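Let's take a stroll through this structure together. Have the 3D view open as you read.

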Amino acid sequence: MILKASNIYKAYGSLPILKGVDITVDRGEIVSIVGASGAGKSTLLHIIGTLDKPDKGEIYIDDVPIHKLSAKDLSAFRNNHIGFVFQFHHLLPEFSALENVCIPAFIGGAKPHEAEKKGMELLDLLGVADRAHHKPSQLSGGEQQRVSVARALINNPKIILADEPSGNLDSENAAALHKLFFDLRASMGHTFIIVTHNEDLANISDRTVHMKDGNIY
Ligand SMILES: Nc1ncnc2c1ncn2[C@@H]1O[C@H](COP(=O)(O)OP(=O)(O)OP(=O)(O)O)[C@@H](O)[C@H]1O
Ligand SMILES: [Mg+2]
């Protein structure tokens, strides 16, 4: 089991969002999280990804109790083991596509030319190598999305958390991105937890969990 989250509670002010969520995910599994807007899907993903703290609950990733890590250990753990593809791309506007992809590797202490070589391979895999030296503002939404997927993969994370990864893509590009996730799982054993409104993706996932009323079903 790569993820075990138990009894996760989160409220914003007096508004309870997560009410005792339990979720486990196996290594190499591709799980979709679906549910209405405002159900708490992004909130749960941020908590699993250690970007936000639950009010209560325990989270183990690869048997590491991340709820017990110090802020410093947590940021190193996050950078090395978790890849994020956000709902909004969060690419840094002043850096090129390739630089954006390489930043997590630089933070992790990788040698620049090695990071750049791997970054170019990933951009190539995602079909955007010819856009490597463009700034995010010079890329289409779909291209930005693919750059953010490459960035999520650069440190070979154990677990990839994606929030609406195909939300900005046409159906053809969305299908290609979903196929890429399955190819990555097949070749490298990546685990994916994907929040999505895309029914095709939910249908081809190994498992779909539904968020409703602060819990999952
Ligand atoms: N920082 C915050 N402060 C206060 N309320 C918040 C905050 N973040 C999220 N919320 C509220 O928590 C609820 C859940 O938000 P969340 O972003 O997790 O929903 P979601 O399921 O991802 O929705 P969507 O499908 O629209 O992305 C929403 O009602 C939202 O307004
Ligand atoms: Mg969301």
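What follows covers a ligand, a pair of helices and a sheet.

This is a predicted model, where local features need pLDDT of at least 70, side-chain atom pairs count only at pLDDT 80 or more, and totals for chains, interfaces and linings use all residues. Residues are numbered from 1 along each chain as its sequence is written, while chains are lettered from A and ligands numbered from 1 in the order in which they are written.

Start at ligand 1. Eleven residues surround ligand 1, with Tyr-12, Ser-37, Lys-41, Ser-42 and Thr-43 coming nearest (near means a C-beta atom, placed from the backbone, within 6 Å). Helix 1 (residues 41-48) gives the largest share of that shell, three residues; helices (H or I, at least four residues) and strands (E, at least two) are DSSP runs, numbered from the N terminus.

Now hop over to helix 3 (residues 97-107) and helix 4 (residues 112-125), which pack at about 125 degrees with axes 9 Å apart. Axes here are lines fitted to C-alpha atoms over the stretch in contact, and angles run from 0 to 180 degrees between N-to-C directions. So helix 3 is oblique to helix 4, given that angles under 35 degrees count as roughly parallel, over 145 as roughly antiparallel, 65 to 115 as roughly perpendicular and the rest as oblique.

Last comes an open sheet of six strands, in the order 6-7-8-3-9-10 with mixed pairing (strands pair if DSSP finds at least two bridges between them). Strand 6 (82-85) and strand 10 (215-216) are its edges, each pairing on one side only. Strand 10 runs antiparallel to strand 9 (residues 207-212), joined by two bridges, and Met-211 has Ile-216 as its bridge partner in strand 10.
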